[in-house]
Every structure is written in structure tokens, then in C-alpha cells.
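Dear colleague,

I am handing over a structure that you have not worked with before, and I would be glad if you could look it over. My notes on what was found follow below it.

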Amino acid sequence: EIYTLSLHDALPISYTHGGNWQGPGATPAYRYNAETGISQRLSSQLKLQLFAAYNNMKETNAYPLNYAQAADIGNFYHASYNATLSQIPAQDVNYYRYNQQRFQDYAILGKISYQPSKNLHFDIKPFYSQENGYYRYGAAKTPGIGTPGVVQWDIDHHNYGFLSTLSANLYHTHLKLGYWFENLQPPGPPTAWQAYTFTPDGQLSFVRWAILAKPTTNHIFNSPFVQLQRNFGPVSITTGARYLIETTPSFTVYNTSGIPSASYGEALEMAHSINSEASVTGQNLHQWLPYFGISWRLYQGTNLDFSWSRNYGAPAFNDWPPLIMNSAVLAKHGLSVQSIYNGLRPETSNSYNLGMSVKRHLWYVKGTLFFTTYDHKLVSIYDPQLGFGYTQNVGTANAYG
């Protein structure tokens with residue numbers, strides 16, 4: 001069942017509850033949401049806008065299927081988390097109350113639009129958001145413990161930045177210049193994992209902080225970009241490029257012996273012993289991301305299109321937890337968390353598309369041939385000498401169709 005109550009006017013407010021259609025729990029148990037906004041034109045050239053959103057939710061996680069279960073979906077279509085405790089740790093990792101998430105967040109977004117002339121337009125869009133809550137999930141091998149238990153990933157972070165664009169029409173050419181900046185406080189990667197085992201009756205018992213880290217520098221993006229578009233009779237050409245500078249975060253990792261279960265901020269106040277082997281310094285990653293596209297109108301309603309673009313994906317930040325929890329093992333083999341962290345690279349791709357479209361009054365048809373190459377793909381590696389696995393951006397791949 002799903003229940004929703006909404007109020008729509010200057011301040012839209014909603015409440016939603018939904019039963020978990022595949023098992024116990026609710027998705028969501030509750031979700032409160034509210035948005036508001038204001039728009040004011042100060043003159044014929046200047047307009048200001050401000051928007052705010054708030055969300056508060058709790059829900060049972062979606063039950064994951066392994067490969068064998070997914071391959072036999074007829075028998076596992078209704079697989080779900082357990083409704084009751086069994087007092088058997090290997091089964092209680094799937095108790096639905098131990099596989100939940102709860103978050104509260106809000107966001108503020110602004111927009112300043114200035115158009116001094118018909119052919120010149122400037123926008124700047126600042127933004128800020130705050131999120132706090134947790135993911136809780138059962139694990140057959142709890143990080144830092146190795147036996148069945150529950151992990152609580154505490155999340156408390158914010159991000160802010162802006163996107164600015166300048167658009168102009170010059171000599172029959174549309175020009176767009178812009179700059180994107182964003183400062184994202186980790187996680188990711190995770191900075192706070194609390195590990196729990198089970199008491200004889202199946203209740204949770206705190207054991208230790210599996211991860212407790214403080215970002216000393218945040219995850220930062222700086223990206224200027226330019227785009228040009230011009231028509232040459234039946235041919236339209238669009239080209240441009242983005243230069244992306246990504247600064248990966250730096251972390252101070254703490255030894256957590258003796259630190260009890262607490263909030264992330266309280267745990268940091270009690271942490272005084274630094275794990276220097278696991279602490280890392282970030283780096284600057286640089287990428288050129290060009291684009292070229294051409295559309296040729298063969299005749300009315302029939303176009304031939306070609307485009308090439310270079311795209312960008314996130315580095316392998318999920319590499320982080322197994323590295324810092326095995327920093328002593330790495331040191332014994334002459335390796336360091338920093339050396340592997342330095343191997344982070346963004347996934348990149350080059351995409352080529354060739355298509356043709358035919359549009360008529362009552363129908364249309366469009367076909368596209370594509371070919372894409374991928375570099376620095378995320379690959380999972382198991383090292384038998386180390387006795388654990390980690391990930392690196394070392395894979396290549398192709399896709400076509």
C-alpha cells in the first residue's frame with residue numbers, strides 16, 4: 001500500500017508511506033518532503049530566483065540477489081529479508097531491521113540571470129546541500145571482524161559550488177562560455193563504519209569502528225568549458241571542450257581502539273591516535289573532454305547526424321575501505337595505501353555516433369550506429385599473497401551496436 005498526502009501552493013509539502021512489496025518493512029516507512037521557491041525580476045535585465053528543498057526518510061533496503069538467484073528468477077522473484085530473528089548469525093544478517101537506511105537532507109539553489117542585450121546572457125547558479133544519516137546492512141564477513149555481523153555506515157557531509165555560463169550570439173555563431181566549481185565533503189569514500197556482532201538472542205552488540213577517517217581536503221572539481229554552434233545552410237555544427245581538474249580528497253585515518261559507539265563527530269573528538277600507514281594525500285587529475293557534432297539536413301524532415309565526444313567517470317573510490325583496513329598487511333609486503341591510492345584514475349570513454357532520422361506528419365523513424373572505447377575501467381583484483389582484493393582503474397573495453 002502507498003499513502004501520500006500533498007499540499008500544493010507556495011509551499012508544496014508531502015508525506016509518503018509504502019509497504020515493502022517483496023517482504024517485511026516499508027519502502028519508505030516515511031518520507032517527508034517540502035520545497036519552496038521565490039522569483040523576483042528586479043528589472044528588464046536582471047532576475048533573481050531562490051529555491052529550497054527538504055527531505056526526511058527511512059526505508060528498508062532492497063534485497064540483493066546473487067548471480068545464482070538472479071539466474072533462477074522464477075524461484076527467487078519474491079526473495080526478501082527475514083521478518084524475524086533466528087538467533088543464527090549467518091541468517092540474522094538478513095533480518096530486515098538490520099538492512100535499512102535513514103537520511104535527512106536539504107538543499108538551497110539560486111539563480112541570477114542578467115541579460116544586458118538581445119545577444120548577451122549571463123547566468124550564475126550557486127548551490128549548497130547538507131546530508132546526514134546512515135546505511136545499515138548485514139555482512140557475512142563484517143569488515144575488521146571477519147564473522148557475520150552488521151555494518152552501519154554513518155554519513156554526515158555537505159557540498160557547495162556554482163555553475164556560471166555566458167551566452168552570446170556573434171557573427172551568426174552561438175557562443176557559450178562557462179565554469180563549474182564544486183566542493184564535496186566526503187564520503188565517498190566511506191569515512192565512518194561501525195561494526196556490530198550479535199548477542200545470543202540476535203540483538204546487535206557494538207565491537208569497533210571499522211573505519212574512522214577525517215577528510216583534511218575535500219573532493220573538488222574545477223571545470224571551464226566552451227561551446228560553439230553555427231549553421232552553414234543545411235549543415236549545423238556544434239563543437240566545444242571542457243577541461244576538468246578533479247582534486248581527490250585527503251584523509252587522516254585514526255586508530256579506533258577504545259572508541260565506543262557514538263556519532264561521527266563525537267568519535268572524532270575521542271580519536272587522538274593517527275594511523276599514518278592508512279592516511280593518504282589526494283592528487284589533481286586532469287582531463288580534456290572535447291565534443292564535435294554535425295547535423296546535415298538532406299531535405300525537409302530527413303537529417304544525417306554524426307557526433308564524437310570524450311566522457312568521464314569517477315575514480316575507484318570503493319578501493320578505499322579494504323586498503324585502510326589492511327594497511328599493516330600492505331606494509332609487510334613493501335606496499336602502502338598511498339601508493340595504491342595514487343593509482344586512482346578517472347574512467348574515460350570516446351563515443352562515436354552516426355545516425356539518420358526521417359520525420360513525416362504522422363510518423364518518424366531514427367537509426368543510430370555507435371562505437372565506444374573505454375579506458376581506465378574499474379577492475380577488481382584479488383592478490384593471493386596479500387590475502388584480500390582491491391580495485392584499480394586499469395581495464396579497457398569496447399562497445400558497439
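**Salt bridges**

Two salt bridges are present in the structure, which is a predicted model. In one of them Glu59 pairs with Arg31, and the closest N and O atoms of this pair are 3.5 Å apart. Because Glu59 belongs to strand β4 (residues 46-60) and Arg31 to strand β3, the pair ties together parts that are 28 residues apart in sequence.

**Confidence**

Before you go further, please note that the protein chain has a mean pLDDT of 93 and that 98% of its residues reach 70 or more. Within the chain, confidence is highest in strand β8 (residues 173-184), with a mean of 98, and lowest in strand β1 (residues 2-7), where the mean is 52. Predicted coordinates should not be read in detail where pLDDT is low, and I would ask you to keep this in mind when you look at strand β1, with its mean of 52.

**A nonpolar patch on the surface**

On the surface there is a nonpolar patch of about 1100 Å², and the residues that make it include Trp296, Leu298, Tyr299, Phe306, Tyr352, Met356, Phe371 and Tyr400. Two or more residues of the patch come from each of the strands β14 (284-299), β15 (302-312), β16 (348-359) and β17 (364-383); Tyr299, for its part, is placed in strand β14.

**The largest pocket**

The largest pocket has a volume of about 270 Å³. Its lining includes the residues Lys141, Thr142, Pro143, Gly144, Ile145 and Gly146, together with Trp193 and with Pro321, Pro322, Met325 and Asn326. Helix α5 (residues 320-325) gives the largest share of this lining, namely three residues, and by class the lining of the largest pocket holds six nonpolar, four polar and one charged residues.

**Backbone details**

Most peptide bonds are trans, and most residues other than glycine have a negative phi, and with that in mind three places in the loops may deserve your attention. The peptide bond from Thr27 to Pro28 is cis, its omega being near 0°, and Pro28 lies in the loop between β2 (13-18) and β3 (30-41). Pro187 and Gly188 are likewise joined by a cis peptide bond, with an omega of about 0°, and Gly188 sits in the loop between β8 and β9 (192-198). Gln87, although it is not a glycine, has a positive phi of about 65°, and this residue is found in the loop between α2 (73-76) and α3 (89-92).

With kind regards

Methods. Residues are numbered from 1 along each chain as its sequence is written. This is a predicted model: local features need pLDDT of at least 70, side-chain atom pairs count only at pLDDT 80 or more; totals for chains, interfaces and linings use all residues. Side-chain values use heavy atoms; hydrogens and water are left out. pLDDT is the predictor's confidence in each residue, from 0 to 100. Helices (H or I, at least four residues) and strands (E, at least two) are DSSP runs, numbered from the N terminus. Patches are made of residues with over 30% relative accessible area and no salt bridge: like charges are joined within 9 Å, nonpolar side chains (Val, Leu, Ile, Met, Phe, Trp, Tyr) within 5 Å. Accessible areas come from the Shrake-Rupley method with a 1.4 Å probe; for residues, only the protein chains shown count as cover. A salt bridge is a side-chain nitrogen of Lys or Arg within 4 Å of a carboxyl oxygen of Asp or Glu. On a 1 Å grid over the protein atoms alone, a cavity is a set of points where a 1.4 Å probe fits but cannot get out, and a pocket is an open set with protein on both sides within 12 Å along at least five of seven lines; lining residues have an atom within 4 Å of a point. Grid points are joined across faces, edges and corners, and a volume is the space filled by probe spheres set on the points. Ala, Val, Leu, Ile, Met, Phe, Trp, Tyr, Cys and Pro count as nonpolar, Asp, Glu, Lys and Arg as charged, and the others, Gly among them, as polar.
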